Amino acid sequence: MSVQLDSKTPTGEVSEKWESYKGHVPLVSPNNKRRIDVIIVGSGLAGASAAASLGELGYNVKVFTFHDSPRRAHSIAAQGGINAAKNYQNDGDSVYRLFYDTIKGGDYRAREGNVHRLAEVSTAIIDQCVAQGVPFAREYGGLLDNRSFGGTQVSRTFYARGQTGQQLLIGAYQALSRQVALGNVKLYNRHEMLDVVLIDGKCRGIIARNLLTGELERHGAHAVVLGTGGYGNVFYLSTNAMMSNTTAAWRAHRRGAYFANPCYTQIHPTCIPVSGEYQSKLTLMSESLRNDGRCWVPKSTADVKKHPSQIPEADRDYYLERRYPAFGNLVPRDIASRAAKTECDAGKGVGATGLAVYLDFADAIKRLGQKAVSEKYGNLFEMYEKITGDNPYEVPMRIYPAVHYTMGGLWVDYELMTTIPGLYATGEANFSEHGANRLGASALMQGLADGYFVLPYTIGSYLSNEIRTGTVQTNTPEFDKAEKDVLDRIHQLMGVQGKQTVESFHRRLGKIMWNKCGMARNARGLTEAISEIRELRHEFWRDVFVPGRRDEYNPELEKAWRVADFLELGELMCEDALHRNESCGGHFREEYQTGDGEALRDDENYMYVAAWEWRGEDAKPELHKEVLDYEEIQVTQRSYK
Amino acid sequence: MKLTLKIWRQGGKYKGEFVTYQLDNVNEHMSFLEMLDVLNEQLIEKRETPVAFEHDCREGICGTCSLVIDGRAHGPMQGTTTCQLHMRHYKEGETIVIEPFRARAFPVIRDLVVDRSAFDRIIQAGGYVSVNTGQAQDANAIPIEKDQSSRAFDAAACIGCGACVAACPNASAMLFTSAKVSHLALLPQGAVERKRRVQAMVAQMDKEGFGRCSNVTACEAECPKEISVENIARMNREYLGAVFAGETV
């Protein structure tokens, strides 16, 4: 029987919920905090900021990362910026407007209470980061500069050249390092979490593999936080870093944490197109480029192979400006991506593969001068030139959409707790805040909001009941069993000794996902995908080859485990996409569109969060619903025209 | 194109030696690491142990990738990490020699993978501003001159890859350490702790076994983020200033 999920959102006016929550949440006294252990998995923005903040509060924190250093986490690659409702530009921004834009941008599939809280704490994030020494861009008067980003009509994005994620992560990493030096946080680098351990229904620790020795370790705690990022690499090719994976979240899911809205995938409109089979990843070109770059394709399919300089202005179709005059090139990501696909599907795509559109800076260079353009986007232009060999100051960039971010993730309540008591999920690893589509520059905001300003309050609500628990022992039958399960799975992976490489399975999974659960989906394709993925998973367990030993440094074994988890997740994503008979945000079902090709929501039947419960490898997952109530915002059809 | 690769193998059955591999069908649009992916796929298919190398973001920002390629950290291109290096810069029939970053403070873990956690410990020694979450004032309360902020950014752009150490004949970590010292000393928020910070970080750097700086400046030449040796000069000034001020840690 499916049960209604309770988000535990406080009652009252949306603008007063968080204040009221903070005023009433139970606290843990300083002398008790010392007796409480918290494990944080992941050292990106969401993990590092939480670890630093909880360490400062006096909890005993252990941080686990599979990287050699916490500073490597993929948050570092975020380019464009971070939103905050500071209204420094006096252009009409406010907490309410950021809240409204985020709900609307998410196509009315996010929880109002969470999003308002996010908008409220956004301003404190900027203050905190500046105090840490994050060198945001400034104006000549010495004050902070802002720019506008897709899906908004105000300039509320703070940025540090094209390396905002790097600078914010280094800020959080430095705060974390300070806590390590003070002895409040213990760092376990090159450790990968492979399971969570439940005792009497509560999360009490993890099993981690030391990636250098292969040794399995048990770590007990009163609460575990997963800040382990998104699962975009299920598509094989994505803008995610090579090691980004779903394993921590998926293992938690298999132990009882519901997985929410797995089909909501963000396809970023501006990435460097694929060049060949050997391609290992895709590179994003920041969305901020659309502030000054103009997207176009030739009007005539006969011109697609011509050099862009030979296509006169009159023969170019600036399709975003034509279709969406109010927002032009600054429409949200899902809309910009689909529009590029529509043009390419109509045979107007450019470049060797025909799967690319132009992003042209000629006008901006004429208007602002090359120096100003280079100041804003210099490092992005260089990055583009390194990869493609073309100079974007002279030839328009060629771009195409690519998987970039996953809005879905572990279901969490208002306190960021999953359906397993004592297990939390923060940042991209959870499902909340962005609904069916995330606005640009909001991922960094959410990761840091969760870690710096939300979790440190909400975790106290649970931990205040743990002060009498005492140290969690790891010599229990539950830990024995969890460790044995992990070891068995490793033996199983190493034992197949088949003929095909891990990489080849991952590539095949990616193709199925991209073709049938990518930018546009339909019931037939999704049904096919589910059986294809299932077959592929069985083939994997029959014929995969993992070289080396388990008790040594073995990157292929790490990869094999992650791909095995992706194979299970991929199927769930297709199930979710198939069940959601509507189009919304990043989920576009071809059967559900308006006459002019826009997403057609079905609010009557699908205004809910789909949270899936694991029922076993070949069993159908069970759907639970959290109905979304819009008390504040009037739900309308999203329009950017 | 066809290439010959001479790759340092260490660990498992290899005691520490160069092993030669022939690779056909290298495409000019491949990145250097994709070329190594292709080699590893072939090795795995032949039931041989793949070459261990580190990488993650593959867009030049995480600092995970390394490699000394034909004697140069991150290969031949200026301001480029190994993951951003593309095969269009190589010619048919070339031989490429690939080694790990070598330094006493960066012990080899396996093949081309080294342990760079010494860098984390240098940051832990003082590479931060001591501000707890929630203690900050309004972000615009202190205006910072644009150029000053920009110089701080230039230093903060360091990705912590360790190429400076690998390039230095003394295996010195002066460029890495000075970039962090500069980043924070140039900003009013970091200025409060500047004296304590520079001494603590330099002490940790020495403790980790990095060598001294003898002004070779190979670090700057090989740095994929083109961090300037001006930062080393600034760190020296900061250090002397701190010592003369008599504030010891």
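Me: What makes two residues count as being in contact?
Reply: Two residues are in contact if their C-beta atoms, placed from the backbone, lie within 7 Å. In this predicted model, 63 residues of chain A are in contact with 64 residues of chain B.

Me: Which elements of chain A give two or more residues to the side that touches chain B?
Reply: They are α3 (45-57), α5 (112-132), α6 (164-181), α11 (370-388), α12 (443-463) and α16 (555-579) of chain A. α6(A) gives the most, with nine residues.

Me: How do the residues on the side of chain A that touches chain B divide by class?
Reply: There are 29 nonpolar, 21 polar and 13 charged residues on that side of chain A.

Me: How do you know whether the radius of gyration of chain A agrees with that of a compact globule?
Reply: Set the value against the rule. The rule is 2.2 Å times the number of residues to the power 0.38. For 641 residues, this puts a compact globule near 26 Å. Chain A has 24 Å, so the value agrees. The C-alpha atoms of chain A fill a box of roughly 75 × 60 × 50 Å along the principal axes.

Me: What else describes chain A as a whole?
Reply: Chain A has 17 helices and 22 strands. Of its 641 residues, 61% count as buried. Take the contacts in chain A between residues at least 6 apart in sequence: 74% of them join residues at least 24 apart.

Me: Why is A:P332 called buried or exposed?
Reply: Count its neighbours. A residue is buried if 20 or more other C-beta atoms lie within 10 Å of its own. A:P332 has 29 C-beta neighbours inside 10 Å, so A:P332 counts as buried. A:P332 sits in the loop between α8 (319-323) and α9 of chain A.

Me: What does A:P332 touch, leaving out residues up to four places away in sequence?
Reply: A:P332 touches A:G105, A:G150, A:G151, A:N437, A:L439 and A:Y640. As for A:L320, that residue is 12 residues from A:P332 along the chain, and their C-alpha atoms are separated by 11 Å.

Me: Why does B:G160 count as buried or exposed?
Reply: Use the cut-off of 20 or more other C-beta atoms within 10 Å. B:G160 has 25 C-beta neighbours inside 10 Å, so B:G160 counts as buried. B:G160 is also in a loop, between α3 (146-156) and α4 (163-167) of chain B.

Me: Which residues does B:G160 touch, leaving out those up to four places away in sequence?
Reply: From chain A, B:G160 touches A:S69 and A:R71. From chain B, B:G160 touches B:G63, B:F119 and B:F176. B:G160 and B:I61 are 99 residues apart along the chain, yet their C-alpha atoms are separated by 9.5 Å.

Me: What makes β1 and β2 of chain A a pair of strands?
Reply: Two strands pair if there are at least two bridges between them. β1 (37-41) and β2 (60-64) of chain A have five bridges, in the parallel sense. The count of five meets the cut-off of two, so the strands pair. One bridge joins A:I39 to A:K62 in β2(A).

Me: Where do these strands sit in their sheet?
Reply: The sheet is open, with five strands in the order β6-β2-β1-β10-β18 (chain A) and parallel pairing.

Me: Why are β6 and β18 of chain A called edge strands?
Reply: β6 (185-188) and β18 (423-425) of chain A each pair on one side only. The twist averages 20 degrees from one strand to the next.

Me: How do you know how far β1(A) is enclosed?
Reply: Five of the five residues of β1(A) are buried, so β1(A) is largely enclosed by the rest of the structure. A:D37, A:I39 and A:V41 point one way, while A:V38 and A:I40 point the other way.

Me: Which domains does chain A have, and how many residues of each are in contact with the other?
Reply: The domain assignment gives domain 1 (267-404) and domain 2 (477-627). Seven residues of domain 1 of chain A are in contact with seven residues of domain 2 of chain A. Helix α9 (333-345) of chain A gives the most to the domain 1 side, with five residues. The C-alpha centres of the two domains of chain A lie 31 Å apart.

Me: What are the domains of chain B?
Reply: Chain B is divided into domain 1 (3-99) and domain 2 (117-244). Their centres, taken over C-alpha atoms, are separated by 30 Å. 12 residues of domain 1 of chain B are in contact with 10 residues of domain 2 of chain B. The domain 1 side has four nonpolar, seven polar and one charged.

Note on methods. Residues are numbered from 1 along each chain as its sequence is written. Chains are lettered from A and ligands numbered from 1 in the order in which they are written. This is a predicted model: local features need pLDDT of at least 70, side-chain atom pairs count only at pLDDT 80 or more; totals for chains, interfaces and linings use all residues. Helices (H or I, at least four residues) and strands (E, at least two) are DSSP runs, numbered from the N terminus. A residue is buried if 20 or more other C-beta atoms lie within 10 Å of its own, exposed if 12 or fewer, and partly exposed in between; C-beta atoms are placed from the backbone. Domain bounds come from an automatic or database domain assignment. Ala, Val, Leu, Ile, Met, Phe, Trp, Tyr, Cys and Pro count as nonpolar, Asp, Glu, Lys and Arg as charged, and the others, Gly among them, as polar. Axes are lines fitted to C-alpha atoms, for helices over the stretch in contact, and angles run from 0 to 180 degrees between N-to-C directions.
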